[in-house]
Amino acid sequence: MSDSNKPAHEGARYWFIRSKKYDGLEWVHKRSLISAIIKAGEFEKDHLVLDVGTGTGAVARSVSRFVREVIGIDKSAAMMKRGDWGENRYFVRRDIREPLFRDGVFDRITARMVFHHILEGTRGAMRECCRVLKKGGLMVLVEGVPPSEKVKEDFTEIFKLKEERLTFMGEDLVALMKGAGFKKTDIRYHVMRHMSVKNWLDKSGLPTAAVNKIYDMHRHASPVFGKCYNMVITPDDCLIDMKMAIVVGEKQ
Ligand SMILES: C[S@@+](CC[C@H](N)C(=O)[O-])C[C@H]1O[C@@H](n2cnc3c(N)ncnc32)[C@H](O)[C@@H]1O
């Protein structure tokens with residue numbers, strides 16, 4: 001498929017635009033989330049780690065302090081060029097759906113906020129992760145999820161204005177991993193409290209019209225939406241709780 005026929009988020013231009021402000025997103029460097037990922041990964045000093053859809057390498061950088069080496073893989077050079085690489089962390093430009101590594105080479109795999117962007121070949125991408133993981137190795141899959149089934153439709157509607165993406169609930173992620181061959185899975189949730197909607201929109205590289213529309217949707221959302229997101233409306237922002245699913249799959 002040529003770049004122009006792909007969904008916007010698949011094209012290099014989409015990530016080139018997003019890369020400019022990406023590191024200013026509040027959630028990207030949120031310590032509590034990074035700590036939850038580190039804890040879930042049970043990393044050890046001799047581990048070789050693959051960070052799928054590494055972007056600007058926020059997860060790769062944090063994990064690299066605990067392991068031997070981290071390889072970040074991403075299809076967007078623009079995103080990776082914004083990262084701080086070196087020492088024991090490197091990047092490779094590649095789509096995870098195109099096999100590159102041998103079977104069973106990695107001790108750990110991390111993939112934060114990537115799979116919702118893989119609209120085509122989602123299962124194949126997960127199978128590829130399972131293939132390159134060692135037996136007994138762990139994969140830590142992290143995705144933002146609606147805080148409740150009650151607002152799944154609102155969540156999908158809001159994100160439709162931002163990008164074409166998949167909406168996962170925790171159980172969908174577990175099913176995705178199990179379907180790819182992970183026999184043992186464990187799911188936990190991490191909530192980042194009082195996150196700024198303004199920050200999220202300002203740093204998302206969206207056109208102003210979309211930013212304004214999504215912001216208004218938050219400010220005029222239903223009471224159910226407000227309650228599920230624990231939304232606080234301030235004079236110049238909306239603060240919401242962001243729920244992240246962290247699924248750990250073990251290859252047996
Ligand atoms: C929202 S960013 C997440 C970056 C990073 N994991 C983080 O948590 O900060 C999503 C990244 O996934 C990458 N990506 C999307 N689909 C991909 C694919 N099929 N193969 C490799 N990378 C992909 C994008 O280029 C982008 O850098």
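**Close-up views of a predicted model**

**View 1. Leu-141 and the residues around it.** Setting aside neighbours within four places in sequence, Leu-141 is in contact with Ala-111, Phe-115, Leu-173, Met-177, Val-247 and Gly-249. Keep in mind as you look around that this is a predicted model.

**View 2. The largest nonpolar core.** Welcome to a set of 63 residues, the largest nonpolar core here. Cys-129 and Leu-141 are the residues with the most contacts inside this core. Which strand gives the most to the core? Strand S8, spanning residues 237-250, does so with eight residues.

**View 3. Ile-73 in its strand.** Here we meet Ile-73, a residue of strand S2, which covers residues 69-74. Is Ile-73 buried or exposed? Ile-73 counts as buried because 25 other C-beta atoms lie within 10 Å, and the cut-off for burial is 20 or more. Leaving aside neighbours within four places in sequence, its contacts are Leu-50, Val-52, Thr-54, Val-92, Arg-94 and Ile-96. For a sense of scale, try Lys-39: Ile-73 and Lys-39 are 34 residues apart in sequence, and their C-alpha atoms are 22 Å apart in space.

**View 4. Stepping back to the whole chain.** The protein chain has 10 helices and eight strands. Its radius of gyration is 18 Å, close to the 18 Å given by the globule rule for 252 residues, so the chain is as compact as a globular protein of that length. Along the principal axes, the C-alpha atoms fill a box of roughly 50 × 35 × 35 Å. Of the 252 residues, 37% count as buried. Among contacts with a separation of 6 or more, 71% come from residues 24 or more positions apart.

Key: Residues numbered from 1 in each chain as written. Predicted model: local features only at pLDDT ≥ 70, side-chain atom pairs only at ≥ 80, totals over all residues. Core = buried A, V, L, I, M, F, W, Y, C linked by C-beta atoms within 7 Å. Buried ≥ 20, exposed ≤ 12 C-beta atoms within 10 Å, placed from the backbone. Helix = DSSP H or I, 4+ residues; strand = E, 2+ residues; numbered from the N terminus. Contact = placed C-beta atoms within 7 Å. Rg over C-alpha atoms; globule rule 2.2 N^0.38 Å.
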